[in-house]
Amino acid sequence: MMRALKISLAIAAITICSGSALADGANTIVQSGRAFHPGEITIVHGTALDFSNQDEFIHQIYVDVAGFAYDSEEQEPGAAPMHIIFPTAGTFSVRCHIHPKMLLTVHVK
Amino acid sequence: MHTRLSLALCLSLAFATSAFADDAAPAGNDSMLDQGMAMFDSGKLLATGGVSQLEGAGGGGLATWALISGYGTRDGVGVNGHATYVGTGDYSLWSEGAAVGLYDRVELSYAHITFDTEDVGAKLGIGKNFKFDEDVYGAKVKVIGDAIYDQDSMLPQIAVGVQFKTNDRGALISAIGGKSDHGTDYYIAATKLFLEQSLLVDATLRETKANQFGILGFGGDKDGDYSTQFEGSAAYLFSRQFAVGAEYRTKPNNLGIAREDGAWDLFAAYFLNKNLSLTAAYVDLGNIVIEDHQHGVYLSLQAGL
Amino acid sequence: MKIKKLGLALALTVWGSALSIGMARAADDPLYQDMGGKDHLSKIANDATDNFLADDRIKATFDNTNMDRFRAKLSEQFCAVAGGPCTYTGHSIEAAHKGLHLRNSDFNAVVEDLQKAMDKDGVPFATQNRFLARLAPMQHAIVTK
């Protein structure tokens, strides 16, 4: 019984993880017009956000709060999307070093 | 003389005041006037529209350049009016007109030239202060290159153009051996700014039948055909506002009654701002009819956008 | 065999000279000296940037720009273009300007603002033009409209 529960939990975890690793539209943020679209999103902790640069500018992503620091490489327009996994609950501001007015607010449950 | 002077002053005052006028952008919808005025983008760098040469086209004083008049960039339009006085030993000349620059590609120009024979008129038996009047209509098209931006290439800015000229003294022109009282000049100009040396250089070839720039008609008893003439300028930029230079222009020798020489000048051009500029030169036009070595002053005031 | 050796020696000499000329340019380019060196070029870049931000014609272009980063990259670029021992680490000129849809009048406004800065920082006019001569061809990459 415990073994079956462990296996099903494992399967569930893998499913969730693979599900979030795929470019699920609901978890995709588009950079265009030097802004994040949408500008605010709510996700479950452990899921990934994909950032797709569909702008005419090179972008970058960083998060700088207590407990979660992330600083990405630069992203050329049209490059493969970047993934950020938010491991803990909370509210995080995602910004771009090059374009200071870009702000994405992520609520992680 | 007074009328011309006041015209020149009015022209310059009109545009100079616009230089100091408040440029606050209107709030709300742009009126048609605002939209019209916005076409004059005044976007070119100072002095890069050239000045107005004698026959009204954009250039130096004597030579026509490949630059398009006015301060409009390729996204807009510009205009440049001129009032020019030339006084040599025995004659005087006035040229007034304007040139419009369209999208830094096409230039349309007009000049009215009056040549005053002063006392020579009396000597010639046609009357003291006898005047020849000439209208010059010009069109120029930039073909290739950019004199300012192409600093990494030897390619000059090249333009081709025409100047249609018509003179009001048909009968007299005929009497002195001229073939026609109107004619068309065709030219190709190559102009380049060598920023590395702060030097602007122009070389232009002109197909013409014009006697004394058309003042004494077109073609003559000695030669009734087109001939290829050369004109060129070299100018050194001392500052954004001030340039000095020299020019040379060859002319045909079509009339038997009067030898015609090449003309040259040494000039200084001062650009107060994008609305007003002044050119002063020592000019030598050579022989004009019975008077030799006609040299003196060239003064030109240009106003525009 | 002799000709082959001679040819090889000649090629190596030419290549070596070209390399040393290139290296010499970086070390003692007269323009870099005449522009006052790295710190002075940095001052010029900063004064020019101040002018851009005060220029109604173009200041909106910098609306969403990290100005600290811009000033640093511009200083690098001026130093490199003047022939100084600097490496420009910014984006390619095309990539940096493509999205701004700039016109010739925008480019010329920048030139005028740079000229004002060089005037203020005591660069002689002839030297300014030598510097602008190296920047002018960037118009092709910067102006896309």
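1. Let's start with how far to trust chain C. This is a predicted model, and the pLDDT of chain C averages 89. In that chain, 81% of the residues score at least 70. The stretch to watch is residues 16-26 of chain C, where the pLDDT is below 50. Beyond near neighbours in sequence, that stretch has three contacts in the model. Where pLDDT is low, the predicted coordinates should not be read in detail.

2. What about the complex as a whole? The predictor gives an ipTM of 0.88 for the complex, along with a pTM of 0.86.

3. Next, have a look at where chain C meets chain B. Chain C puts 16 residues into this contact, and chain B puts in 17. Which elements of chain C give two or more residues to the side that touches chain B? They are helix H6 (104-120) and helix H7 (125-135) of chain C. Sorted by class, the residues on that side of chain C come out as seven nonpolar, six polar and three charged.

4. While you are at H7(C), check its buried residues. These are Gln128(C), Asn129(C), Arg130(C) and Phe131(C). They pack against two helices of chain C, namely H2 (30-34) and H6. So H6 of chain C turns up in two places: on the side that touches chain B, and as a packing partner for the buried residues of H7(C).

5. Chain C also has a contact with chain A. Here ten residues of chain A meet eight residues of chain C. On the side of chain A that touches chain C, there are four nonpolar, two polar and four charged residues.

6. Now for chain B by itself. Its secondary structure is made of four helices and 14 strands. The radius of gyration of chain B is 19 Å, close to the 19 Å that the globule rule gives for 305 residues, so chain B is as compact as a globular protein of that length. Along the principal axes, its C-alpha atoms fill a box of roughly 65 × 45 × 30 Å. Of the 305 residues in chain B, 49% count as buried. If you take the contacts in chain B between residues at least 6 apart in sequence, 60% of them join residues at least 24 apart.

7. On to chain A, which has one helix and nine strands. Reading from the N terminus, the helix comes at the start of the order, and the strands follow: α-β-β-β-β-β-β-β-β-β. Chain A has 109 residues, and buried ones make up 20% of them. For contacts in chain A between residues at least 6 apart in sequence, the share that joins residues at least 24 apart is 48%.

8. The sheet in chain A deserves its own point. It is an open sheet of five strands with mixed pairing, in the order S3-S9-S8-S5-S6. Which strands stand at the edges? Those are S3 (40-43) and S6 (68-71) of chain A; each has a single partner strand, so one side of each is left without a neighbour in the sheet. From one strand to the next, the twist averages 30°.

9. Last, zoom in on the end of that sheet where S6(A) sits. Strand S5 (residues 62-65) of chain A pairs with S6(A) in the antiparallel sense, over four bridges. For a pair to look up in the structure, try Val63(A): its bridge partner in S6(A) is Tyr70(A).

How values were computed. Residues are numbered from 1 along each chain as its sequence is written. Chains are lettered from A and ligands numbered from 1 in the order in which they are written. This is a predicted model: local features need pLDDT of at least 70, side-chain atom pairs count only at pLDDT 80 or more; totals for chains, interfaces and linings use all residues. The radius of gyration is taken over C-alpha atoms; the globule rule is 2.2 Å times the number of residues to the power 0.38. A residue is buried if 20 or more other C-beta atoms lie within 10 Å of its own, exposed if 12 or fewer, and partly exposed in between; C-beta atoms are placed from the backbone. Two residues are in contact if their C-beta atoms, placed from the backbone, lie within 7 Å. Ala, Val, Leu, Ile, Met, Phe, Trp, Tyr, Cys and Pro count as nonpolar, Asp, Glu, Lys and Arg as charged, and the others, Gly among them, as polar. pLDDT is the predictor's confidence in each residue, from 0 to 100. Two strands pair if DSSP finds at least two bridges between them. Axes are lines fitted to C-alpha atoms, for helices over the stretch in contact, and angles run from 0 to 180 degrees between N-to-C directions.
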